[in-house]
Structures are given as structure tokens and as C-alpha cells.
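Trainee: I would like a close look at one part of this model, the salt bridges. Please take them one by one and then place them in the chain as a whole.

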Amino acid sequence: QVQLVESGGGLVQPGGSLRLSCVASGSIFSINYMGWFRQAPGKQRELVATITSIGRMNYTDSVKGRFTISRDNAKNTVWLQMNSLKPEDTAVYYCTVQIRTTIGTANYWGQGTQVTISS
């Protein structure tokens, strides 16, 4: 079993910054990627950013140039630096990890951390 613990959410004003952290622990042999999704009220969960074990990053268009994802493979930790935050970034942010198993892959999710952008 794999556990993900997120931290760093909160309330900030438009234009502000937040940094989310996520630590994965448990039965982890190898991680394919770690990343962040978000879900706003009344909307579907959407990808924000992912990063592979070799550092390949992927961002949704709406956050490019504002958000930066990074990771520490040795610590199974991923961060999301969010700058120039907008009200439309308000959502619950979920950390996710895809690990390799003996029979394929498995995805795990964190409990979510609330990010609210409001003046």
C-alpha cells in the first residue's frame, strides 16, 4: 500500500503564491510519475502538472508559466510552486503517484488540500 501526504494549501490573494508538497511512502518499488490534479466545485478533476522519474514535465495550458513542478526521487517527494495565482485556480488539489508493480502499474491519490484564491 502507498500513502500520500499533502501539505501547503491555504487562502491567498490574487497574484500571490503557494507551494504544495506531497510525500509518498509505503510499498514503493519504482515511481513512473508524480503529479497534481485539481477539482473545483461543480467541475471534473483535471490534470495540473506531472513529472516523470527522469524529470519530464507536463503542464495544463492554464498554468504554464505560473506553476512549476519539481521532485526529489530519493525522498519520493513532489512539489508544486504556484505563482501569480488567480481566482480560477481555486480548487482542491490532489497529489497522485503512479508506481510500477510486478504486474503493471498502480495509481494512488492523496486526500487533497484546499487552495483558495480570493481577495
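Mentor: What follows goes through the salt bridges, then the chain around them, and ends with two loop residues.

The model is a predicted one, and the distances and areas below are computed from it. The structure contains 4 salt bridges. I will describe three pairs and a network.

Take Arg38 and Glu46 to begin with. Their side chains form a salt bridge, with a nitrogen-to-oxygen distance of 2.7 Å. The two partners can be set against the burial cut-offs, where buried means under 20% relative accessible area and exposed means over 50%. Arg38 has a relative accessibility of 5%, so Arg38 counts as buried. Glu46 has a relative accessible area of 32% and is therefore partly exposed. This bridge thus joins a buried arginine to a partly exposed glutamate.

The next pair is Arg66 and Asp89, whose side chains meet in a salt bridge at 2.7 Å, N to O. This pair links distant parts of the chain, the two residues being 23 residues apart. Arg66 sits in the loop between β6 (57-59) and β7 (67-72), while Asp89 sits in the loop between β8 (77-82) and β9 (91-101). Both Arg66 and Asp89 are buried.

These two pairs should be read together. Arg38, Glu46, Arg66 and Asp89 are linked in a network of salt bridges. Within that network, Arg38 is buried, Arg66 and Asp89 are buried, and Glu46 is partly exposed.

Lys64 and Asp61 make another bridge, with 3.0 Å between N and O. Here Lys64 has a relative accessible area of 49%, which makes Lys64 partly exposed. That value lies under the cut-off, since exposed means over 50%. Asp61, at 60% relative accessibility, is exposed.

Now the chain that carries these pairs. The chain has 11 strands and 0 helices, so read from the N terminus its elements are β throughout, β-β-β-β-β-β-β-β-β-β-β. Its radius of gyration is 14 Å, close to the 14 Å given by the globule rule for 119 residues, so the chain is as compact as a globular protein of that length. The C-alpha trace spans about 50 × 25 × 20 Å along its principal axes.

Of the 119 residues, 43% are buried. Among contacts with a separation of 6 or more, 55% are between residues 24 or more positions apart. The chain exposes about 6,300 Å², and carbon and sulfur atoms supply 49% of that area. As for charge, the chain has 11 positive and 6 negative charges, and the mean positions of the two sets are 5 Å apart.

Two loop residues remain, and both concern backbone angles. Most residues other than glycine have a negative phi. Asn76 has a positive phi, near 50 degrees, and lies in the loop between β7 and β8. Ser84 also has a positive phi near 50 degrees. Ser84 is placed in the loop between β8 and β9, the loop that also holds Asp89 of the Arg66 pair. With a relative accessible area of 41%, Ser84 is partly exposed, whereas Asp89 is buried.

Notes. Residues numbered from 1 in each chain as written. Predicted model: local features only at pLDDT ≥ 70, side-chain atom pairs only at ≥ 80, totals over all residues. Heavy atoms only, no water. Buried < 20%, exposed > 50% of the residue type's maximum accessible area, 1.4 Å probe, protein only. Helix = DSSP H or I, 4+ residues; strand = E, 2+ residues; numbered from the N terminus. Rg over C-alpha atoms; globule rule 2.2 N^0.38 Å. Contact = heavy atoms within 4.5 Å. Areas by Shrake-Rupley, 256 points an atom, 1.4 Å probe, with all protein chains shown as cover. Lys, Arg positive; Asp, Glu negative; His and termini not counted. Charge placed at Lys NZ, Arg CZ, Asp CG, Glu CD.
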